[in-house]
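Welcome, and please load the model in your viewer. We will go from one selection to the next and look at what each one shows.

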Amino acid sequence: MSSPDAIAARAAPPVSDPESGFTPPSADGLTTAEAAERLRIEGPNTIGAGGRRTNLSILVAQISSPLVLILVGASLVSLVVGDAVNASIILAIVVMSAALGFVQEARSEAAVAALQARLTLRADVVRDGTVREIPIHDVVRGDLVVFAAGDIVPADGRVLEANHLYLDESSLTGESAPALKAPREGNLDPAVEVDRDGLVFFGTSVVSGTGRARITATGARTSYGSIAGRLAQRAPENDFQRGVRAFGVLVFRVTAILVIAVLVINVGLHRPVLDSLLFAIALAVGLTPELLPAIVTLNLTQGARVLTGHGVLVKRLPAIQNLGSITVLATDKTGTLTRGQLALVRAVGIDRDDALEAEQALELAYLNSHFQSGFRNPLDAAILAGTPEPADLGTYRKLAELPYDFTRRLLSVVVQREGEAPLLVTKGAPEAVIARSGWVREDHTARSIDVAEHARMAALVDGASADGFRLVAVGSRVLGQDELRAAPAGAAAAGLQDADKLERDLVFEGVILFSDPPKSGVDATIAELARQGVALKVVTGDNELVARHVATEVGLPVEGILTGEEMRGLSHPALVARARRTTIFARVDPDQKLHVIRALRDGGAVVGYLGDGINDAPALHTTDVGISVDNATDVARAAADIILLEPSLAAISQGVTEGRRTFANTLKYIRMGTSSNFGNMLSMTGAALLLPFLPMTPGQILLNNLIYDASQTAIPTDAIDDDVRAVPARWDVTAIQRFMLIFGPISSLFDYITFGLLLLALGVNERAFHTGWFIESLFTQVLVVLVIRTRRSPFWRSRPSPQLLAAVVTALAAAVVIPLSPLGTVLGFSPLPWVFWPLLVVVVAAYLALVEVAKRRFEPHG
């Protein structure tokens, strides 16, 4: 059962409320006027927290990242120093990337809203003495609600009438068995297990039976609303957000150092302070990776389109990159590892190999499931589907029934054939049947149970349980005529007071074994996740034996098992240590799911969590990647980052691959952009200090950046190598900084070599110098993409995408054609001596070769 904290809102019995003037309603329910007044004062029965994000909140999320703010600042600086064109380009890139992200996420939110519209939206209430159907959001405190099978409970309430009323509360409590409801006297506390039998909770559903309840809490004041309210709290920073923040700090730090260094050097050379400051700031603006938001957004939108084709709806675009970073995937087993449908495996008698004993146990189980009139649970369905109908079924008639309850954990029916004595057939928990058995079916006769027989029965049950099967035991007893009067013929159900008289001295017939079969292909998917470096951890309310059995069936190696009871005795640091080496968390309540997720994250893991219930929402909100399914509760879908159109590990595995492709391509641009920009800034700084003229005019620099940036927009289409796909993608800002400090100076070195060749070897004038460096700069910047886009060495072992290759060729052609065209004259270019071109080939080839050597040292496993 869930812990007391699992149901945070406390449903109190209806009492007079002097402050509001509300009084308990009559048996006729509220009047229309009373209901309208309560609706006006307390508001509609809706959950605000954790709902659909507004368009404004989605837009703000697009422009609030540190890098976007840095770029906006860079554009303002450009505007201050008089470079309005560059400022406009940077702002245009920011606006474009924000618009792309906004459109994608707004569409996803709309799709989720469409999924939420599938929920039942009306309820039957008593108003003015008659039952009428009203929208759920119009239900108010004090309403009398009428329930029937299939209804959604519209708010928290207290049971007034119940006729075999069973509710599915699994989405709230995690319990798979339906809860039997009945009226109870006195003050009821939802934190007390026995009191919960007299309460109903918003968002749960009626499985069978009928009843009435008085509403005690609506909207955010319900148990559901309390959990949804946690979603309004700020979610912990996820792996993607930590990486972006750290990278933004790196860019800011390097920019600050560059500004100070250039300013000090210029002042030391007795140059005007204001001009030196403006020049230093302009160089710093050039260091910012202005295309990064657009590259990231293009990567993410393409990834979202790919995942949509695999049945994955991406609500928040950064979740794609987070999905590629996960090292742990936590999930329940039902519906994910297994089909979520129990199947009958076999029956076993006391003599395990006796087929006739097993056949008789199955036939009696069939009679019990066939004739019982209460809630037909999955076990009954599996028995009826997996057992041949007895040939003489039509000769039986039902005399009475003792319905199931969670105290006895038994269900019995009394049946009779013409000319025979009445037969009691009991089915239920093995320990409950054994406790009421005085005989055991062996060698086709009933034998009295002695110590040895009792040990054999216990061993039979323990052995089947240890194998991970769900068990139901079957017992029977022939009734006497006096007992038949205790269970009147034709009665729908004998009173529960007759249970102890009838369910005694049973003949133990055997046990029925059930299992939830593994999903087809799930073993291959688990193996693929393992190859991807993702550890699968099962977080379930089932017992550890069943969970281990399922893990064995699907090929999941079990390193360790931790139960909810054991967790209660652990401090958080101890849980962090245990969680790392635990594969199965069994018999955990909803609150413990959240503790498991926190422990895994605090242990350094990037965690994806798959959940679909109300009680899963806090964990979905806290984890790095929250994953839910389209038929989940609406609060779970609201908390999730990604929605699966069907519960499938294969879809998640595909998402991991796509996330890694997205992250790898983003990292390619970051590495190339920061190292190239850093190298250019070093070159520009040195040239400004050593040359009597600017190394390039502002217009030429702008054109150079435009051509280079245009070529980089094809990066989102690029393929990634198998070795990159095989490991979780993590932000490593230290590695990015090291890459920038290694490859930036290499780029700058060859710029200086080009300066020397142009001035000393070729003796060109200022316009030709501008032309030569413009071409060399673009060739080195664009072609190095092919080298550092892959860890493999030599780089041609990894093929770029056709789109990226085409973009590279187009950029190189532009670098050559534009200076030689009439536009080149307008931009200040001039023809170069023919010897420049072979020298260019040598310089570029030497540069790429040195980068290749440096890459081998930087990426030793390529």
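Start by selecting helix 22, where 10 of the 13 residues are buried, so this helix is largely enclosed by the rest of the structure. Keep in mind as you look around that the model is predicted. Helix 22 covers residues 590-602 and reaches 19 Å from its first C-alpha to its last, close to the 18 Å expected at 1.5 Å a residue. To colour its buried positions, pick Pro590, Asp591, Gln592, Lys593, Leu594, Val596, Ile597, Ala599, Leu600 and Arg601. Then step past the end of the helix to Gly604, which has a positive phi, near 100°.

**Zoom out**

Show the whole chain for a moment. It has 862 residues, and 54% of them are buried. The cartoon should give you 32 helices and 23 strands. Among contacts between residues at least 6 apart in sequence, 75% join residues at least 24 apart. If you switch on the surface, about 35600 Å² is exposed, with carbon and sulfur atoms supplying 59% of it.

**Helix 18**

Next, select residues 522-531, which form helix 18. Which of its residues are buried? They are Val522, Thr525, Ile526 and Leu529. These residues cover an arc of only 100° around the axis, which puts them on the same side of helix 18. Turn to the face pointing away from that buried side and you will find the exposed residues Ala530 and Arg531.

To see what covers the buried residues of helix 18, add strand 9 (328-331), strand 18 (535-539) and helix 25 (649-690), which are among the covering elements. Just after helix 18, have a look at Gly533, which takes a positive phi of about 80°.

**Aromatic rings**

For the last stop, display the aromatic side chains; there are 8 aromatic pairs to find. Begin with Phe755 and Phe769, a tilted pair with 5.2 Å centre to centre and 40° between the planes. Phe755 belongs to helix 28 (residues 733-761) and Phe769 to helix 29 (residues 766-788), so the pair ties together parts that are 14 residues apart in sequence. Are these two rings' residues buried or exposed? Both Phe755 and Phe769 are buried.

Now move to Phe795 and Trp796: their ring centres are 5.3 Å apart and their planes at 70°, so this pair is edge-to-face. Trp796 is exposed, with a relative accessible area of 61%. Finally, select Tyr752, Phe755, Phe769 and Trp773 together, since ring pairs link these four residues into a cluster.

Methods:
Residues numbered from 1 in each chain as written. Heavy atoms only, no water. Buried < 20%, exposed > 50% of the residue type's maximum accessible area, 1.4 Å probe, protein only. Helix = DSSP H or I, 4+ residues; strand = E, 2+ residues; numbered from the N terminus. Arc of directions from axis to C-beta. Contact = heavy atoms within 4.5 Å. Areas by Shrake-Rupley, 256 points an atom, 1.4 Å probe, with all protein chains shown as cover. Expected span 1.5 Å × (residues − 1). Phe/Tyr/Trp six-rings, centres within 6.5 Å; stacked < 30°, edge-to-face > 60°.
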